[in-house]
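Me: Please take a close look at the contacts between the chains of this model. I would like one connected account, including what lies behind the contact surfaces.

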Amino acid sequence: MDPLILSFAVVNGLLIGGIYGGVALGLSLIFGVLRVVNFAHGSLLMLALYAAYWLQIWAGIDPYYSIIVTVPLLFGIGFMIQSVIIAPLIRRESALVVEPLSALLLTAGVYLVIDNLALMAFGPNVRSATTSFALPPVMLGQIPVNMPRLIGFGAAIVVAVGLAWWLKTTRMGRAIRAVASNRDAAALSGINVPLVYAVTFGIGASILGLFGSLLATFVPITPQVGLNFGIRSFIVVVLGGIGSLPGSIVGGLVIGVFEAIASQFVPATSAAILSLGLFVLILLVRPSGLMGKA
Amino acid sequence: MTAPLLEVRNLSKTFGGLKAVSEVSFTMNKGEILALLGPNGAGKTTAFNMIAGFLQPTEGQILFEGRDITGGKPWDLCREGIARTFQLSRPFSDLTVLENLMVGGFARSSDIGLIRSRAAEIAEFLGMGRQIDIEVQHLTAFDRRKLELGRALSTRPTLLLMDEVVAGATPAEAQEMVALVRKIRDTGVSILIVEHVMKVIMALSERVIVMESGRLIADGKPHDVVAQPDVLKAYFGEQYVATRA
Amino acid sequence: MSVAPHTTSAAPAAKSKSRVLPLALFTAVLLGIPLVVKDSFFIHSCIVVLFFAYMATSWNFVCGYVGQLSIGHSMFAGAGGYATVLLFTQTGLSPWLGLPVGGLVAALLSVLVGYPTFRLKGPYFALTTIAFAEMIRIWVENTDTFLGIPLNGAAGITVPLLGQNVAAMQFNDKVPYYYIIATMLGGALLATWLLENAKLGFYLKAIRGDVDAAESLGISPSRYQLIALAISAFMTGMGGGFYAQFYRYVNAERLIGVDLSIDMALMSIIGGQGTIFGPLLGALLLAPLAEITRSHLGGSLLGLHIVVYGVILILAVLYLPKGLIDPLRRLAAKFNGRGTGR
């Protein structure tokens, strides 16, 4: 194997992996706080991709500027999903504990509705947005580094660090962490748990708003694109440790590099099978993930 | 000489360097009600769970009717004749009382008619004969506790392991429970009880063993054992013993 | 467990009496449809509905009773479907034997997958079943031949058309297929009824209720879950075999893809999992919806029925967690004048 090609694969794998990690952040956050596995995670990314696309088509807004719209838009959608669809389930369970399987079924319902509404509204055609910014690759030694991917990678790191900082220092952040560690105690000490849940879900979704805009220029936009990212996010989160933000990034990097290198030796589809195999293996052997506590 | 019903030899359990149970040995005879006492964290529940097959011992042996059952799985031990209750009652809440009492019957018989009538008998025995068609989630906490006991009986055990008898019960309920446990013993079932409440033990058991910090510190008749300084110290602390002395 | 028995001895009789009439009526309608309606398109739709009812009932056999959510049951349909077709095209084995053999292949696969997977609970179990099914789907889609067996990749395998040929389970008319799947459905319902009244059924419900308590009552959870899964996979595999014969075609996307798994789970859950007739009810309500959208709307409304599925699923989880059959059973209980207050 040519070392240049291999190092090119590794660099690309790192970039894509960072993006996987960034996309998975919201899934991990929502699970960590609400104990809800959001099956509609990928669908929300798909909505964000379409939002970025249509903002460009209708209003001529460059995908990189459309962040101003997609982030609050997805926050709103996430907030609504939690407070309209999942909250009644939590209200039904007296102890504020969500029955995890029921919550999974609810979000699976959301996935079915969103993905198929998108299919009906937008059709199966593959679309993509374009940016007016000139983003030539930068050279890392002899290796060209794709600029839009590098921006996505950087965004993932910034969001992970920023989110961790926000959770540590702000009033709402501390409330979220309190609810995550012991929701009953948090409720007793006067924290508005339903609001914290809705905000958490909103934040998790708004991260997807950001990535929808950042990925719209190089990810083929179809109604089915969500499920691919959704499944990959599950893999990343399980690998990194469910509920851990740094774990999400690390898990993404591992999967990204793993797939990039594997696809140098085996067909890309076999690499996908290997990722799924890794996912199953981690769940069976070390359910706390690579970064979680054993 | 016949072997004792249950013989525990040098039973130990280590959790990541911490010795929760340390070289505990005791025997239990047929027809006995034996109580295992000890303050919180003494290792009672750990020892209990090893005997019930829910935890693997790190060291030691457990013999039941002379047979080595160390490390046996709960379902195997059930077939050997060992049944257990849980500290927090864990009934199958979407099944009826009768159905709850039927599940264990399949370990002894494959005749569903017989299993059903035996389950109904147990319900009568518990004083729950009128409640057999009620889904368990609609029962009171105390009825659920009784049901838990009945469910263990449905496996026709020789040895019944009870993890606390009267937890959360009112005095009247506790009395009813004590009477029920005696009634069970009178049918020929030997009973090992883990319990905090001294009064219950005094009323129920002929012999008690006491654990503290993972070790067995006393073995004898209830009144003798509670008078031992070691036991008092374990239960009430150093000062209590000093002031009494 | 709808109508609770008052006295233990009279229980089975009372239970069956309240069910015999509606059951006989349903059977008569089911068997009579092809005699009355001659429209082959309508019969085709009925076959599809019965197929989903059968698949949902098969899914329910393990998942509904043990309380685990499998979203990977399509792998068993795929195993059965591919095995039936390949045995026919490669060795000439008649599908009449190919179906049960395919079922056995699926059962074998289920034991391999289930053994490690049943240790996981809730969402982890669900995600792992998806992962297994997806691995198999991706593999089949990208494998043309495996150990000399032509899997034919994403294109799938077509069963050669022989015209009217009873031995090859090929008929010019749709009606025979109708009766085959109706019989299979009857068998699956009978199996579930037997399960409800057998040790295995009690054991599965106990495991669903509390694993530790079940263990203490002499139940090895992994053993009985695997037995139930193998039976469920056997039935699902036979369903896959039927699908292959009916369409004379198998491909990975449709037979192993996650959509089929979701349909099976959805219909059971919405209808009422862990009951004999819940999945049937769910399929009778949902599957026609898909047929109508496919045949009458199509085009831009392609995914409409799934949107409706999703909405019904959300409403069911929130307001009828025991499924649509629950209010019906309470109604029936009232009708029989034996409201037991539960």
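**Chain contacts and what lies behind them**

Reply: In the contact between chains C and B, 22 residues of chain C meet 31 residues of chain B. The model is a predicted one. On the side of chain C that touches chain B, α7 (199-209) and α8 (211-216) of chain C each supply at least two residues. The most, five residues, comes from α7(C). By class, this side of chain C divides into eight nonpolar, eight polar and six charged residues.

There are two pairs of chains that touch, and the one with the most contacts is A with C. Chains A and B do not touch, and their nearest C-alpha atoms are 12 Å apart.

The contact between A and C takes 31 residues from chain A and 32 residues from chain C. On the chain A side, the elements that give two or more residues are α3 (67-92), α4 (100-122) and α11 (268-285) of chain A. The largest share of that side, 15 residues, comes from α4(A). What is the class make-up of the side of chain A that touches chain C? It has 26 nonpolar and five polar residues, and no charged ones. The side of chain C that touches chain B, by contrast, has six charged residues.

One residue of chain C shows the A-C contact in detail. C:Ile269 is found in helix α11 of chain C, which covers residues 258-271. Is C:Ile269 buried or exposed? It has 32 other C-beta atoms within 10 Å and is therefore buried, since 20 or more are needed for a residue to count as buried. Leaving aside neighbours within four places in sequence, C:Ile269 is in contact with A:Leu105 of the other chain, and with C:Ala316 and C:Gly323 of its own. C:Gly323 is 54 residues away from C:Ile269 in sequence, yet the two C-alpha atoms are 6.1 Å apart.

Within chain A, α4(A) also packs against another helix. The axes of α4(A) and helix α2 (residues 41-59) of chain A come within 9 Å and cross at roughly 30°. The two helices are therefore roughly parallel to each other, because angles under 35 degrees count as such. The crossing of α2(A) past α4(A) is left-handed. From α2(A), the contact is made by A:Ser43, A:Met46, A:Leu47 and A:Tyr50, and from α4(A) by A:Val110, A:Tyr111, A:Ile114, A:Asp115, A:Ala118 and A:Phe122. These residues divide into eight nonpolar, one polar and one charged.

Chain B, the other partner of chain C, contains two open sheets to consider. One has six strands in the order β6-β7-β8-β3-β9-β10 with mixed pairing. Its edge strands are β6 and β10 (215-220) of chain B, each pairing on one side only. Neighbouring strands of this sheet are turned by 20° against each other on average, direction ignored.

Strand β7 (residues 159-163) of chain B lies between β6 and β8 in that order. Three bridges join β7(B) to strand β6 (residues 82-84) of chain B, and the two run parallel; B:Ala83 has B:Leu160 as its bridge partner. With strand β8 (residues 190-194) of chain B, β7(B) pairs over five bridges, again in the parallel sense. There B:Leu161 stands opposite B:Leu192.

How many of the five residues of β7(B) are buried? Five of the five are. Side chains in a regular strand alternate between the two faces of the sheet. In β7(B), B:Leu159, B:Leu161 and B:Asp163 are on one side and B:Leu160 and B:Met162 on the other, and both faces are covered.

The second sheet of chain B has four strands, ordered β2-β1-β4-β5, with antiparallel pairing. Here the edge strands are β2 (18-28) and β5 (67-68) of chain B. Strand β1 (residues 6-15) of chain B is joined to β2(B) by seven bridges, and B:Leu6 stands opposite B:Met28.

Helix α1 (residues 44-51) of chain B lies across strands of both orders. It lies across β1, β2 and β4 (59-64) of chain B, running at about 120° to β1(B). α1(B) also lies across β3 (33-37), β7, β8 and β9 (207-212) of chain B, at about 150° to β7(B).

Methods:
Residues are numbered from 1 along each chain as its sequence is written. Chains are lettered from A and ligands numbered from 1 in the order in which they are written. This is a predicted model: local features need pLDDT of at least 70, side-chain atom pairs count only at pLDDT 80 or more; totals for chains, interfaces and linings use all residues. Two residues are in contact if their C-beta atoms, placed from the backbone, lie within 7 Å. Ala, Val, Leu, Ile, Met, Phe, Trp, Tyr, Cys and Pro count as nonpolar, Asp, Glu, Lys and Arg as charged, and the others, Gly among them, as polar. Axes are lines fitted to C-alpha atoms, for helices over the stretch in contact, and angles run from 0 to 180 degrees between N-to-C directions. Angles under 35 degrees count as roughly parallel, over 145 as roughly antiparallel, 65 to 115 as roughly perpendicular and the rest as oblique. A crossing is left-handed if the near helix is turned anticlockwise from the far one by less than a right angle, and right-handed if clockwise. A residue is buried if 20 or more other C-beta atoms lie within 10 Å of its own, exposed if 12 or fewer, and partly exposed in between; C-beta atoms are placed from the backbone. Two strands pair if DSSP finds at least two bridges between them.
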